[in-house]
Structure formats: C-alpha cells, structure tokens
Amino acid sequence: DNSSFKKIDKEYLLGLFVDKLKENSAFKNAIKEFKLVKREDYENNQAYENAIMKYSNSIKIQNELNNFKENNNNNSQIIIQFTTQKKDEWEKILFYIQNTINEEIKKYLNESFNRLILNQQRLKLYKVEDIDILISNAKDSNKKMYVNHLKTLKNDILQNRNIYRLKQEFKSTPIMRSEEFYAAKLMIESTSYKTVSADKYRIIPMLIMAGIIGGIIGIFYALISN
C-alpha cells in the first residue's frame, strides 16, 4: 500500500529538522551539556529547570521555511537567533544541536519504515486469512473454478516479493548506509555576531532605580516643606 509511505525528499527532511528545532529539546539538552546554566547556582531542581527553560525560550527561530514549498529552492532561510557571552563555545553548541537532531531524525525514519513494513506484513497475512475463509465457504458450495481462482490469488500474494525488495532498497539509502546521515545542516561557519550594548539590559533596572530615587527625593521635599 504505497499511500502508507512518505516520499523522503529535501522538503520532507527539512520539515523534520525544523520541527525538531521547534521542539526545543535539543537546545535544552545543549544548555545542560555545556553547563550554560549551572545547577549549583540554584536552590533546587525546579529553579534550575525553570532557568534552562527560560534560556532555551530566549533562542528564537525566525523565517521558518520561508514558503519553502512554494519556492522549492535553496534560498529559503531558517535563522536561529541567540544572545551569548560565550561566542567561541556556541560554535560547539550549534554542532552538537545539528548532530543530535540529525541522529534523532535518522532513528525516526528507520523506526517509521520498520513500523510500516510490519503493518504491510500484517495486511498480507489478513488477505491470506480472508482468502482461506472464502475457500472454505466455497468448498461447501462446490464451486471448483472459483476455489482454483482463490488459490491462485493466495499463492500470488504469498509469492509477492515487493516488501522484501522495499526493505533491500531502504538498506541502500543514506539513512542506513551513512555513518553521518544529515537531514539538514546548519551553516555554522556563516554565523554572524554583533555586540549588544549592556545598557540595553540595564534600562529596566535603571528606570526602577530612577523611580525609587525620585520617590525618596519627593519624600525628603515633602518633609522639608512641612
């Protein structure tokens, strides 16, 4: 049943890769692996996990697929945007994320294919069982030609080697052959960085401090006036 199988092309593979990025689990694992958030800095596991979640949520994925289906070319871009104080370490982190996601996709494709093959084998057995029931019922009616036809049909199904051929073909794909299978690659060497002023992150505390100082000055003024 060909409708059960997906066509594995660049669009499908890129879609799987983006879905994995959006799941955010690869980023959370990388944050733990590279100790971007340290357990000893937090009172308990819940606070630690919350900090990891907050960090991973700050990583933005922009222009997802960018109408990849309509364009069907290599100009579609997916941009990962993050803020870090460890520029050199992030190249290792991006490689880790890329390799982790590709390994997960390879495993998913392999397991999905094997699951579909098992389903096809079950369907084949069900067809044979149904034919056996028809043969049994037809014998009682003494329909020799019909019984012979059913037996031929049953034999054709049993002799059909399409599932075997499909398994052999799948073994020859990069999913099974290649040690380093890639559904997609991040252009890590092309990562561009720009310095973000620390003042940007101080503006809210400064406004709060200004409000507090303003309140204190106001209180002193009121006291002196009275």
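## A helix with two sides, and the core around it

Let's start with α3, which has 13 residues and reaches 18 Å from its first C-alpha to its last, close to the 18 Å expected at 1.5 Å a residue. Keep in mind that this is a predicted model.

Which residues of α3 are buried? They are Y48, A51, I52, Y55 and S56. These residues sit on the same side of α3, because they cover an arc of only 130° around the axis. A general rule helps here: an α-helix has 3.6 residues a turn, so residues three or four places apart point the same way. Now turn to the other side of α3, where Q46 and K54 are exposed. The N-terminal end of α3 has a cap, N44, with a side-chain oxygen 3.2 Å from the backbone nitrogen of Q46.

Next, the nonpolar core. The largest one has 37 residues, and L21, W90, I97 and I105 have the most contacts inside it. Several helices each supply at least two residues of this core:

| Helix | Residue range |
|---|---|
| α1 | residues 10-23 |
| α2 | residues 25-33 |
| α3 | residues 45-57 |
| α5 | residues 87-141 |
| α7 | residues 162-171 |

Which helix gives the most to this core? That is α5, with 9 residues.

Apart from this core lies another, of 7 residues, among them V128, I131, A138 and I157.

Finally, take a look at W90. Leaving aside its neighbours within four places in sequence, W90 is in contact with L36, Y55, I59, F82, T84 and Y193. One of these partners, Y55, is also one of the buried residues of α3.

Conventions
Residues numbered from 1 in each chain as written. Predicted model: local features only at pLDDT ≥ 70, side-chain atom pairs only at ≥ 80, totals over all residues. Heavy atoms only, no water. Core = buried A, V, L, I, M, F, W, Y, C linked by side-chain atoms within 4.5 Å. Buried < 20%, exposed > 50% of the residue type's maximum accessible area, 1.4 Å probe, protein only. Helix = DSSP H or I, 4+ residues; strand = E, 2+ residues; numbered from the N terminus. Contact = heavy atoms within 4.5 Å. Expected span 1.5 Å × (residues − 1). Arc of directions from axis to C-beta. Polar contact = N/O pair within 3.5 Å; in protein donor to acceptor, adjacent residues only side chain to side chain.
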